[in-house]
Amino acid sequence: MTYEEVLALPPYDVAREKKQALLKEGLLYLTEYHQAHCTPYARMMQTVGFTPHHVRATADIPFLPVRLFKEMALRSIDEDAVFKTMTSSGTTGQQVSKIFLDRETATNQQKTLVRIVTDWTGKSRLPMLIIDCPSVIKDRAMFSARGAGILGFSMFGRKKLYALNDAMELELDEIRAFLQEHEGERILIFGFTFMVWQHFYKALQAAGEKLSLENALLIHGGGWKKLAADAVSPEDFRTALREVCGTGLQVADYYGMVEQTGCIYLECACGHLHASTYSDVIVRRAHDFSPAAFGEPGIIEVVSLLPKSYPGHALLTEDEGVVLGEDDCPCGRRGKYFKVMGRLKQAELRGCSDTYAAAF
């Protein structure tokens, strides 16, 4: 099955047996493809003794540690076919991941994001409030995962307003005018978690201001480390935002990374992160990397049918999490649903929100 055919499937309505067969076939194809087109990856597969006939399930596909993309330039395309190079977020002095995209992979990332996000937003583009400053996509030095995240989600907005100026101050007058112009319409709000908290919620709280955003959807992500250190839980975050925006505000966190851009995991109304048809999560035990049972914490592995220009289809992250169930979330979406519990000890900051918070 081609990736175009996979994308034609509903993002959250493929039952387990069909999805696992689809993933096994697609991931095996990508493993053999990258073996043939990326010499360092082929050597790694030779070292671990990979042979296709040993793959009986998705979990049998060899994974790469996500940190490897900070150490090596891994690509399965010729240098002159590189259309875009994505870099991860990082604090000063940190190495960043470099992800090499050709036009096909970049296009598929965009199409995949659309299929996933429109399940939450609907197919119509919405007036959009971006909790960031305009320079984040103008300054090429800032354009990494943060700028890419804003540009990616901007596809879902038909009229966009940056809520902050370049001094990271809230533009209240402009926001009020924007809301008045779009009174009665559903509003999409996008921002990185710490920035939403620090420059939106706290600024409104300090000014004693409230905004009428009862009919809005806030999508946020990019790391929780700083807020967790300040004892702000996801529940506290949602409650606080509703205090200044209205109790009808929908709040959806998402989990994702530049190494698998496009295949994000969005949070449903039940507070669960969901794997789409085009990707999956496997939680592995730390002592032997065997797959953990549902409800058992371990290290999160993410797999995706998307990466073809680089060998990023099976990646062991530096995050701890737990798979809560599959095909039976009360929200009605099929697929695995899970929770991220935090970074592994000694792991570097990596999320847009966390790296910005460290600098802040």
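How many aromatic pairs does the structure hold? The count comes to 14 aromatic pairs, in what is a predicted model.

**Close-up 1. The aromatic pair of F190 and F192.** The rings of F190 and F192 pair edge-to-face. Their centres are 5.4 Å apart, with 75° between the planes; that angle is over 60 degrees, the cut-off for edge-to-face. F190 and F192 are both buried.

**Close-up 2. The ring cluster that includes F190 and F192.** Pairs of rings join F153, F156, F190, F192 and Y254 into a cluster. Two members of this cluster, F190 and F192, are the buried residues of the preceding view.

**Close-up 3. R333 over the rings of Y12 and W120.** R333 lies over the face of W120, at 3.8 Å from the ring centre. R333 also lies over the face of Y12, where the distance to the ring centre is 5.8 Å. Y12 is in addition one of the residues that line the largest cavity, shown in the next view.

**Close-up 4. The largest cavity and its lining.** The model has one cavity of 30 Å³ or more. The space within the largest cavity is about 30 Å³. From the early part of the chain, its lining includes P11, Y12, D13, V14 and K19. The lining also takes in A275, S276 and T277, together with R334 and G335. By residue class, the lining divides into four nonpolar, three polar and three charged residues.

**Close-up 5. S279 in strand β11.** S279 belongs to strand β11, which covers residues 279-284. S279 counts as buried because its relative accessibility is 0%, and the limit for buried is under 20%. Leaving aside residues up to four places away in sequence, S279 touches K19, C263, Y265, V303 and S304. Of these contacts, K19 also appears in the lining of the largest cavity.

**Close-up 6. V82 in the loop between α4 and β2.** V82 sits in the loop that runs between α4 (68-71) and β2 (84-87). V82 counts as partly exposed because its relative accessibility is 26%, which falls between the limits of 20% and 50%. With residues up to four places away in sequence left out, V82 touches R75, I77, F100 and L101. One of these contacts, F100, is 18 residues from V82 in sequence, while the C-alpha atoms of V82 and F100 are 6.1 Å apart in space.

Note on methods: Residues numbered from 1 in each chain as written. Predicted model: local features only at pLDDT ≥ 70, side-chain atom pairs only at ≥ 80, totals over all residues. Heavy atoms only, no water. 1 Å grid on protein atoms, 1.4 Å probe; cavity = no way out; pocket = protein on both sides within 12 Å on 5 of 7 lines; lining within 4 Å. Points joined across faces, edges and corners; volume = space filled by probe spheres on them. Nonpolar A, V, L, I, M, F, W, Y, C, P; charged D, E, K, R; others polar. Phe/Tyr/Trp six-rings, centres within 6.5 Å; stacked < 30°, edge-to-face > 60°. Buried < 20%, exposed > 50% of the residue type's maximum accessible area, 1.4 Å probe, protein only. Lys NZ or Arg CZ within 6 Å of the ring centre and 35° of its normal. Helix = DSSP H or I, 4+ residues; strand = E, 2+ residues; numbered from the N terminus. Contact = heavy atoms within 4.5 Å.
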